[in-house]
Amino acid sequence: MLQNLSLPQEFVLLALDRDTNKLNSIFRMHIGLYTVMACIVELSINGNVTFDNDDTVRISNSASAGEKYLDRLLEIMIAENPKKLKAWVSYFYYFKQREIYKMVIESLVDKGVLEIEDTEVLFIVPAKKYKDVANTRNHIVEKIRAELLENGNVEDYTVALVLFLNTKSMLKDYFSDYEQKMLKQKLEILRKEDIYKKIRTIDIAIQNLDSGL
């Protein structure tokens, strides 16, 4: 049975997959930062934050968002001055991203979706192994397939998730070349959608930080 997961929870669950594509999953960059940004998009979809025309993020509802990591993120954002989306990317690039990321992982453990096992890389380096005990990843992939590849009802959460997965080159982990082509064609149709522009802004901001721009 598919758990009722948020956008950041689904993104993190797929990003922690060490079995589908081990090399990419181990060396992917900025998963924590993208997770925080997925939380901001989640808050937007839920109505807790709004975006001005210039992408300034404003708190519109400070009531509990129903998840500890979202409430903590709201608390952090309320304590700061309003910032444009790319400025929040820069802020979380340096501060707090690890805290929020860890809280999202803990929420998946609390839901019984993930189990964390201590292991070693090359039998030497201590590491964590994240086990998808409820087979939830497959349910998420099937949901994407049903909504975007089979002309089902497309939810904002699913569009945002696919955009984040595409940004991190994760679509190829779960979809055939033909399906990836279809998904990217569908995303092209969505280029004018506000959610597309927001996630593109996030990706460009992170790339610019990496390159020192």
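A residue is called buried when its relative accessible area is under 20%, exposed when that area is over 50%, and partly exposed in between (1.4 Å probe, protein chains only). The views below show a predicted model, in which local features need pLDDT of at least 70 and side-chain atom pairs count only at pLDDT 80 or more, while totals for chains, interfaces and linings use all residues. Residues are numbered from 1 along each chain as its sequence is written, and side-chain values use heavy atoms, with hydrogens and water left out.

**View 1. The chain as a whole has 11 helices and 5 strands.** Helices (H or I, at least four residues) and strands (E, at least two) are DSSP runs numbered from the N terminus. Of the 213 residues in the chain, 46% are buried. Among contacts (heavy atoms within 4.5 Å) between residues at least 6 apart in sequence, 63% join residues at least 24 apart.

**View 2. Three strands make an open, antiparallel sheet, with Val 49 of strand 1 opposite Ile 59 of strand 2.** The order of the strands in this sheet is 1-2-3, where two strands count as paired if DSSP finds at least two bridges between them. Strand 1 (49–51) and strand 3 (83–84) lie at the edges, each pairing on one side only. Strand 2, residues 56–59, runs antiparallel to strand 1 and is joined to strand 1 by 3 bridges.

**View 3. Helix 1 and helix 7 are linked by a salt bridge between Glu 10 and Lys 143.** Helix 1 (residues 7–15) is largely enclosed by the rest of the structure, because 9 of its 9 residues are buried; among them are Leu 7, Phe 11, Val 12 and Leu 14. A salt bridge is a side-chain nitrogen of Lys or Arg within 4 Å of a carboxyl oxygen of Asp or Glu, and the count by this rule comes to 12. In the pair shown here, the side chains of Glu 10 and Lys 143 meet at 2.8 Å, N to O. The pair links distant parts of the chain, with Glu 10 in helix 1 and Lys 143 in helix 7, 133 residues apart. Both Glu 10 and Lys 143 are buried.

**View 4. Helix 7, residues 136–149, is largely enclosed by the rest of the structure.** The helix has 14 residues and reaches 19 Å from its first C-alpha to its last, close to the 20 Å expected at 1.5 Å a residue; that expected span is 1.5 Å times one less than the number of residues. The enclosure follows from the fact that 10 of the 14 residues of helix 7 are buried, including Ile 140, Val 141, Ile 144, Leu 148 and Leu 149. Within the helix, Arg 145 forms a salt bridge with Glu 142, the closest N and O atoms being 2.5 Å apart. Because Arg 145 and Glu 142 are 3 residues apart in helix 7, about one helical turn separates them. Arg 145 counts as buried at 14% relative accessibility, whereas Glu 142 is partly exposed at 45%. Another salt bridge joins Asp 132 to Arg 137, with the closest N and O atoms 4.0 Å apart, and both of these residues are buried. Helix 7 is followed by Asn 151, which has a positive phi, near 55°.

**View 5. Ring pairs link Trp 88, Tyr 91, Phe 92 and Phe 95 into a cluster.** Rings of Phe, Tyr and Trp (its six-membered ring) pair if their centres lie within 6.5 Å, and planes under 30 degrees apart count as stacked, over 60 as edge-to-face and the rest as tilted. The count of aromatic pairs by this rule is 7. Tyr 91 and Phe 92 form an edge-to-face pair, 5.0 Å centre to centre with 90° between the planes, and both residues are buried. The pair of Tyr 91 and Phe 95 is tilted, because the ring centres are 5.4 Å apart and the planes stand at 45°. Tyr 91 counts as buried at 15% relative accessibility, while Phe 95, at 47%, counts as partly exposed.

**View 6. Lys 83 and Lys 198 each place a charge over an aromatic ring.** A charge sits over a ring if NZ of Lys or CZ of Arg is within 6 Å of the ring centre and within 35 degrees of the ring normal. Lys 83 lies over the face of Trp 88, at 5.3 Å from the ring centre. The charged end of Lys 198 sits over the ring of Phe 51, 5.0 Å from its centre. Lys 198 is also linked with Asp 55 and Asp 194 in a network of salt bridges.
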